[in-house]
Amino acid sequence: MSKLKRRIGRWVPGLLLVSPSLVLLGVFVYGFIGWNIKISVTDWKGQLETDNYVGLFWYKQLFADETFHNDARNLLIFTLVFILGSMSVGLLLALLMDKGVRGENILRSIYLFPMGISFIATGIVWRWLLNSDPGEGTTGVNDLLGLVGVHSDWHKSDSQWAIAAIALPAGWALSGYVMALFLAGLRGIPDELREAARVDGATEFRVYWHVVRPMMYPVLMSALVILAHISLKTFDLIYAIAPLDPRTETPAIFMYLTAFRGNFYARGAAIATLLFFAIAVVIVPYIWYSIRKERTAR
Amino acid sequence: MTRIFRNLVLFAFAIFFLMPVYVLLVTAFKSPGEVDVVHMWTLPKSLSFDSFSLVWPKLQNGMVNSLMLAIPASVISSLLGAANGFVLAKWRFPGADVVFPVILFGMFIPYQAVIIPMSGLMTDIGLKGGLDGLILIHIIYGLPITTLIFRNYYIGLSEEVIEAARVDGAGMLRTFAYIALPLGLPAFAVAMIWQFTSAWNDFLFGVIMTRTEFWPVTVALNNVAGAQTVPFNQAMASAFLASIPTLLVYLLLGRFFMRGLMAGALKG
């Protein structure tokens, strides 16, 4: 009896210390997500909250809605270009820096600092760089491209692919982060492993392919998951570059406009719920896997 | 040969990453008469601070709000995160293995999925519109990452230190306050920087949860420089001003920032 009491006495204070955070997160994360789902099946539109049950009405409406199709397509293009671009640039930079270069600290700072800048400031600067007016009004990146005789229209605001241009500032902001993740992964590989392969007569390329590559998969997965969830949520960057432009609109922006500009709260909640599930599908297995791996490592 | 090539590529990327900074600086320091998007890549003929003095009055209030918001939000969130991290790493209770991922999940959710109910609750408890509510929100949504940073840090702490305190008769709170907190200073730096940056850079919470007079700097910035009609130099000058605090934090404490980045990938 007293032994049990002692054991309980040992963990109760810990639980008490954690409980305020648990309660707050319980309400603000899990409670709100549930509440949001509940709102999405009501008829709440307009300033006054109403809660008549309408079932999956808003979801069906969204799936039939041209704007939502357009936004989902934009998000898909943005995500693909952004992830592919940031991953390749990040990986390339990490591989080039792997063996140490002169001025590594300075280079690393240069690649990483965009991550500390708000998406709003990033967007404001890049909006001017991506300006695509032809002729006299040519500015920014097109000005530079013009020096080598090219005028690019792919990021022009009336192009089908305007959304892909947003991946450029997004990649500018986050490639350095991917670089840092890969660099940490590369440096975490014990030198003996590479050395052993070299002693066995492997060329440098084969060392990377057979020894380094398999060990980088966990980092690759982390980077993919992080970029994917950032991409799905991206709101302020696009909002700062091209607000209210259907060609660069994504569900995250559509949700904001629907709920907080149009007062269609139930509809906005439905978009947010879809966004939530899209992210949860990626994140839940990732957390589960990370925690299990850590536990087996211990 | 390969080394030269390697350095060349790295240098080219450095230029690419600095390109927006170059445009921003040369534009912001031009005199308003000299500014012209067609000559956006040319250096200013003379250094002028006119653009800054034009936009500063419009941003000042937002800068103050963001400071008053980001400092308490990062301090309190880090303290709570330290307590959680300490308990989850060194003073475990049954079910701690479940609690940790449940806390962690909050780091990844799209905030769009909580913001309608949040707006409702904050209105009901009278915290919508002002800074207090926004501070509370940043504290809460910062908890997952700060907990993660401290837990990963404290897991590396040797059990003997904790045992020694326990043998001396110290309870949990005393062990936390006198042993774990002082030892956790490096983790504090990481958590504080991470939190300060994300609170300073947040836009979504700020734009929905505050009235005009309590707008954080990102909302003020978007309002000043977001319109297409705003002169180019003013847009650049205000983007620069609004980025100074996080840039300073980053340049002065970059080492810790790096570690925070690693934590964001669930790594210790």
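The following exchange goes through a predicted model and asks what its labels rest on.

Reader: What makes the contact of Arg151(B) with Glu294(A) a salt bridge?

Author: The label needs a side-chain nitrogen of Lys or Arg within 4 Å of a carboxyl oxygen of Asp or Glu. In this pair the closest N and O atoms are 2.7 Å apart, so the rule in question, within 4 Å, is met. Between chain B and chain A the count is one salt bridge.

Reader: How many residues does each chain bring to that contact between chain B and chain A?

Author: Chain B gives 93 residues and chain A gives 91 residues. The two chains bury about 8300 Å² between them, with 77% of that area on carbon and sulfur atoms.

Reader: Why is the pair Arg267(A) and Asp65(A) said to tie together parts of chain A?

Author: The side chains of Arg267(A) and Asp65(A) meet in a salt bridge at 2.9 Å, N to O. Arg267(A) sits in helix α13 (residues 265–297), and Asp65(A) sits in the loop between α2 (57–63) and α3 (66–97), so the pair ties together parts that are 202 residues apart in sequence. Over all chains the structure holds twelve salt bridges.

Reader: What makes the largest space a cavity and not a pocket?

Author: In a cavity a 1.4 Å probe fits but cannot get out, whereas a pocket is an open set. By this rule there are two cavities of 30 Å³ or more, and the largest cavity holds about 1000 Å³ of space.

Reader: Which residues are closest to the centre of the largest cavity?

Author: They are Phe119(A), Ile230(A), Lys233(A), Tyr111(B) and Ser198(B), out of 35 residues in the lining. The elements that give two or more residues are α7 (162–187) and α10 (217–233) of chain A, and α5 (131–155), α8 (185–201), α9 (204–209) and α12 (254–264) of chain B. The largest share, five residues, comes from α8(B).

Reader: What is the lining of the largest cavity by class?

Author: The lining has 21 nonpolar, eleven polar and three charged residues. Tyr counts as nonpolar and Lys as charged under the class rule.

Reader: How many helices and strands does chain B have?

Author: Chain B has twelve helices and zero strands. Read along the sequence, its pattern is α-α-α-α-α-α-α-α-α-α-α-α. The C-alpha trace of chain B spans about 75 × 65 × 30 Å along its principal axes.

Reader: How do you know that domain 1 of chain B is in contact with domain 2 of chain B?

Author: Contact means heavy atoms within 4.5 Å. Twelve residues of domain 1 of chain B and nine residues of domain 2 of chain B are in contact. Domain 1 covers 1–48 and domain 2 covers 50–267, and their centres, taken over C-alpha atoms, are 32 Å apart.

Reader: What area do domain 1 and domain 2 of chain B bury between them?

Author: The two domains bury about 930 Å², 80% of it on carbon and sulfur atoms. Leu24(B), Ala28(B) and Pro32(B) supply 43% of the area that domain 1 buries against domain 2, more than any other three residues. Across this interface the rule finds zero salt bridges.

Conventions. Residues are numbered from 1 along each chain as its sequence is written. Chains are lettered from A and ligands numbered from 1 in the order in which they are written. This is a predicted model: local features need pLDDT of at least 70, side-chain atom pairs count only at pLDDT 80 or more; totals for chains, interfaces and linings use all residues. Side-chain values use heavy atoms; hydrogens and water are left out. On a 1 Å grid over the protein atoms alone, a cavity is a set of points where a 1.4 Å probe fits but cannot get out, and a pocket is an open set with protein on both sides within 12 Å along at least five of seven lines; lining residues have an atom within 4 Å of a point. Grid points are joined across faces, edges and corners, and a volume is the space filled by probe spheres set on the points. Helices (H or I, at least four residues) and strands (E, at least two) are DSSP runs, numbered from the N terminus. Domain bounds come from an automatic or database domain assignment. Buried area is the accessible area (1.4 Å probe) that two parts lose on being put together, summed over both.
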